[in-house]
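Student: I'd like to go through this one with you and ask where the labels come from. Can we start with the overall picture?

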Amino acid sequence: MIHKEVTIGVSARHIHLSQEHVELLFGKGYELTEMKPLSQPGQYAANETVAVVGPKGTFAKVRILGPARKQTQLEVSRTDAFALGVNPPVRESGDTKGSASIKLQGPAGEVTIEEGVIVAARHIHFHTSDAERFGIADKQSLRVRFAGERGVVFENVVARVSEQFALDMHIDTDEANAAGVKNGDKAEIID
């Protein structure tokens with residue numbers, strides 16, 4: 001039997017911007033600059049941040065993840081959503097139709113996105129070779145055991161399979177705090 005171990009990455013609140021919104025917030029022709037690479041090939045934490053303003057609260061410096069995407073998407077935890085005063089759905093990244101609205105402020109301007117705020121569904125990125133080795137299909141719902149001091153089984157973990165991905169599990173800060181998980185901890189895919 002194959003031991004199906006995966007490293008956990010804890011995702012704090014962050015935003016993906018379209019190039020149009022990068023330019024509205026930072027100025028015409030502006031390009032994001034890389035602060036540090038992320039676990040997924042070609043993805044990075046940018047030096048730039050924006051303020052996000054909700055009906056009840058504001059986060060002054062939300063990290064932008066690059067490169068620019070087709071559409072703007074803010075990913076928050078449920079606790080963040082309460083603080084902002086929004087009610088985003090739990091969704092896979094990119095599935096923003098009918099999601100919550102938010103105002104974004106940058107050094108060169110501001111924009112209100114009518115939809116785009118989500119609580120990211122917990123998921124595992126699989127390179128196709130890892131998915132084949134583990135017998136995992138794209139979009140499969142998985143159960144993953146973390147055996148730490150506050151051990152937990154994460155249900156409904158979405159498998160995301162692509163040649164562009166590197167093996168890595170992503171949960172948000174609420175999930176990590178509840179289970180005592182920190183970046184780099186290991187978990188086991190149990191089915």
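**Putting the labels to the test**

Tutor: Sure. Of the protein's 191 residues, 45% count as buried. Keep in mind that this is a predicted model.

Student: What makes a residue count as "buried"?

Tutor: The cut-off is a relative accessible area under 20%. By that rule, 45% of the 191 residues qualify.

Student: How do you know that the radius of gyration agrees with a compact globule?

Tutor: For 191 residues, a compact globule would come out near 16 Å, and the protein has 17 Å, so the two agree. Along the principal axes, the C-alpha trace spans about 55 × 35 × 30 Å.

Student: What is the secondary structure inventory?

Tutor: The protein has 4 helices and 14 strands. Six-strand bookkeeping comes in with the barrel: β1-β13-β10-β12-β11-β14 is a closed barrel of 6 strands with mixed pairing. On average, neighbouring strands of this sheet are turned by 40° against each other, direction ignored.

Student: What makes β1 and β14 a pair?

Tutor: Pairing takes at least two bridges. Strand β1 (residues 5–11) and strand β14 (residues 186–189) are joined by 3 bridges and run antiparallel, so they pass the cut-off of at least two. One bridge to look at is T7, whose partner in β14 is K186.

Student: How do you know that β6 and β9 pair, and in which sense?

Tutor: β6 and strand β9 (residues 109–120) share 2 bridges in the parallel sense. The rule asks for at least two, so 2 bridges are enough. In this pair, L74 stands opposite V117 in β9.

Student: Which other strands are joined to β9?

Tutor: Strand β7 (residues 90–91) is joined to β9 by 2 bridges and runs parallel; there R91 has A120 as its bridge partner. Strand β8 (residues 100–106) is joined to β9 by 6 bridges and runs antiparallel. V117 turns up again here, with A100 opposite. A hairpin through 2 residues joins β8 to β9.

Student: Why is strand β4 called mostly covered?

Tutor: Count the residues in strand β4 (residues 44–53): 7 of its 10 are buried. Buried means under 20% relative accessible area, so 7 of the 10 fall below that value.

Student: What are the pairing partners of β4?

Tutor: β3 pairs with β4 in the antiparallel sense over 3 bridges, with P37 bridged to Y44. Those two strands form a hairpin with 6 residues between them, and G42 in the turn has a positive phi of about 85°. β4 and β5 are also antiparallel, over 6 bridges, and their hairpin has 4 residues in between. β8 is joined to β4 by 3 bridges, again antiparallel. V52 is a handy landmark: F59 in β5 stands opposite V52, and so does L104 in β8.

Student: What makes up the lining of the largest pocket?

Tutor: The lining divides into 16 nonpolar, 19 polar and 9 charged residues. The volume of this pocket is about 1100 Å³. Among the 44 lining residues, H14, H16, L38, L65 and H170 are the closest to the centre.

Student: Which strand supplies the largest share of that lining?

Tutor: β1 does, with 5 residues. Strands that each supply at least two lining residues include β2 (14–16), β5 (58–66), β10 (123–127) and β13 (168–172).

Methods: Residues are numbered from 1 along each chain as its sequence is written. This is a predicted model: local features need pLDDT of at least 70, side-chain atom pairs count only at pLDDT 80 or more; totals for chains, interfaces and linings use all residues. Side-chain values use heavy atoms; hydrogens and water are left out. Axes are lines fitted to C-alpha atoms, for helices over the stretch in contact, and angles run from 0 to 180 degrees between N-to-C directions. On a 1 Å grid over the protein atoms alone, a cavity is a set of points where a 1.4 Å probe fits but cannot get out, and a pocket is an open set with protein on both sides within 12 Å along at least five of seven lines; lining residues have an atom within 4 Å of a point. Grid points are joined across faces, edges and corners, and a volume is the space filled by probe spheres set on the points. Ala, Val, Leu, Ile, Met, Phe, Trp, Tyr, Cys and Pro count as nonpolar, Asp, Glu, Lys and Arg as charged, and the others, Gly among them, as polar. The radius of gyration is taken over C-alpha atoms; the globule rule is 2.2 Å times the number of residues to the power 0.38. Buried means under 20% relative accessible area, exposed over 50%, partly exposed in between (1.4 Å probe, protein chains only).
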